Amino acid sequence: MSSVSPRERRVGDGARSLIETRARATVDYALARRSTLAEVSAGRRSTHEVCDAQTYLIRAARYHGQAAADPCPLCGGDGLAHVNYTFGDCFRADTNGRARTARELLDLADEVSEFTVYLVEVCSDCRWNHLLASYVLGTGEPLERRARS
């Protein structure tokens, strides 16, 4: 079960819609997701192959994820969450690849020139996980040139 309160979920929904209007270079992986689910349904792939989320991903979904409106497509449980991971040259090495909330993404989009967000769907009940989308956020301003030493 997700530790996100109903109030935080509403705030996250508003932030999510703002992000969708500001995102650029969006890649949607819905077809790949549908294909994977069809292969499992047809018996060409086992659930053990697709329900392989690592412990860190499950933990990130529990504490940083936003509860999904739909149940898990495999187990039907309510443990499905969406997690945003950020990558970019603007981040220090220790914060690159960090899970962030939708509100944090909006704040970063106003402060940072450009970074990529990967949206991952994770079920904490059966360990299903799949990349849903990737997109670019940020101000779009070029990075300042650094002096060479």
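# Exercises on a predicted model

With a relative accessibility of 7%, Ser-134 counts as buried; the term stands for a relative accessible area under 20%, exposed for over 50% and partly exposed for what lies in between, with a 1.4 Å probe and protein chains only. The model is predicted, and local features need pLDDT of at least 70, side-chain atom pairs count only at pLDDT 80 or more, and totals for chains, interfaces and linings use all residues. Residues are numbered from 1 along each chain as its sequence is written, and side-chain values use heavy atoms, with hydrogens and water left out.

## Exercise: the surroundings of Ser-134

Place Ser-134 in its element and list what it contacts, leaving aside neighbours within four places in sequence.

Solution.
- Ser-134 lies in strand β6. Strands are DSSP runs of E with at least two residues, helices are runs of H or I with at least four, and both are numbered from the N terminus.
- Contact means heavy atoms within 4.5 Å.
- Once neighbours within four places in sequence are set aside, Ser-134 touches Ala-25, Thr-26, Val-27, Tyr-29, Val-117 and Tyr-118.

## Exercise: strand β3 and its partners

Which strands pair with β3, and is β3 largely enclosed or open?

Solution.
- Two strands pair if DSSP finds at least two bridges between them.
- β2 (residues 66–67) is antiparallel to β3, and two bridges join them. Ala-81 of β3 is the bridge partner of Ala-67.
- β4 (residues 98–100) is joined to β3 by three bridges, also antiparallel. Here Tyr-85 faces Ala-99 of β4.
- With β5 there are eight bridges, again in the antiparallel sense. One of the opposed pairs is Thr-86 and Val-117 of β5.
- In β3 (residues 80–87), six of the eight residues are buried, so the strand is largely enclosed by the rest of the structure.

## Exercise: the largest nonpolar core

List the residues of the largest nonpolar core and find the element that gives the most to it.

Solution.
- A nonpolar core is a set of buried Ala, Val, Leu, Ile, Met, Phe, Trp, Tyr and Cys residues joined through side-chain atoms within 4.5 Å.
- The largest has twelve residues: Ile-19, Phe-91, Ala-102, Leu-105, Leu-106, Leu-108, Ala-109, Val-112, Phe-115, Val-117, Tyr-135 and Leu-137.
- At least two residues of this core come from each of α5, β5 and β6 (129–137).
- α5 gives the most, with five residues.
- Separate from this core is a second one of eleven residues, among them Ile-58, Ala-60, Ala-61 and Ala-99.

## Exercise: the two sides of α5

Why do the buried residues of α5 line one face of the helix?

Solution.
- The buried residues in α5 are Ala-102, Leu-105, Leu-106, Leu-108 and Ala-109.
- Seen down the axis of α5, these buried residues fall within an arc of 165°, so they line one face. The arc is that of the directions from the helix axis to the C-beta atoms.
- As a general rule, an α-helix has 3.6 residues a turn, so residues three or four places apart point the same way.
- Asp-110 and Glu-111 are exposed on the other side of α5.

## Exercise: salt bridges

How many salt bridges does the structure hold, and which parts of the chain does the pair Glu-114 and Arg-24 link?

Solution.
- A salt bridge is a side-chain nitrogen of Lys or Arg within 4 Å of a carboxyl oxygen of Asp or Glu.
- The structure holds six of them.
- Glu-114 and Arg-24 form one, at 3.6 Å from N to O. This pair ties distant parts of the chain together, 90 residues apart: Glu-114 is in the loop between α5 (102–111) and β5 (115–123), and Arg-24 is in strand β1 (residues 24–28).
- Both partners are partly exposed, Glu-114 at 46% and Arg-24 at 30%.
- Arg-45 and Glu-39 form a salt bridge with their closest N and O atoms 3.5 Å apart. Arg-45 is partly exposed at 29%, and Glu-39 is partly exposed at 24%.
- Arg-98 meets Glu-104 at 3.8 Å, N to O. Arg-98 is partly exposed at 37%, as is Glu-104 at 27%.
- Glu-39, Arg-45 and Glu-49 are joined into one network by salt bridges that share partners.

## Exercise: Gln-54

Where is Gln-54, and is it buried or exposed?

Solution.
- Gln-54 sits in the loop between α3 (47–50) and α4 (55–64).
- At a relative accessibility of 60%, Gln-54 is exposed.
- The C-alpha atoms of Gln-54 and Asn-129 are separated by 9.3 Å, although the two residues are 75 residues apart along the chain.
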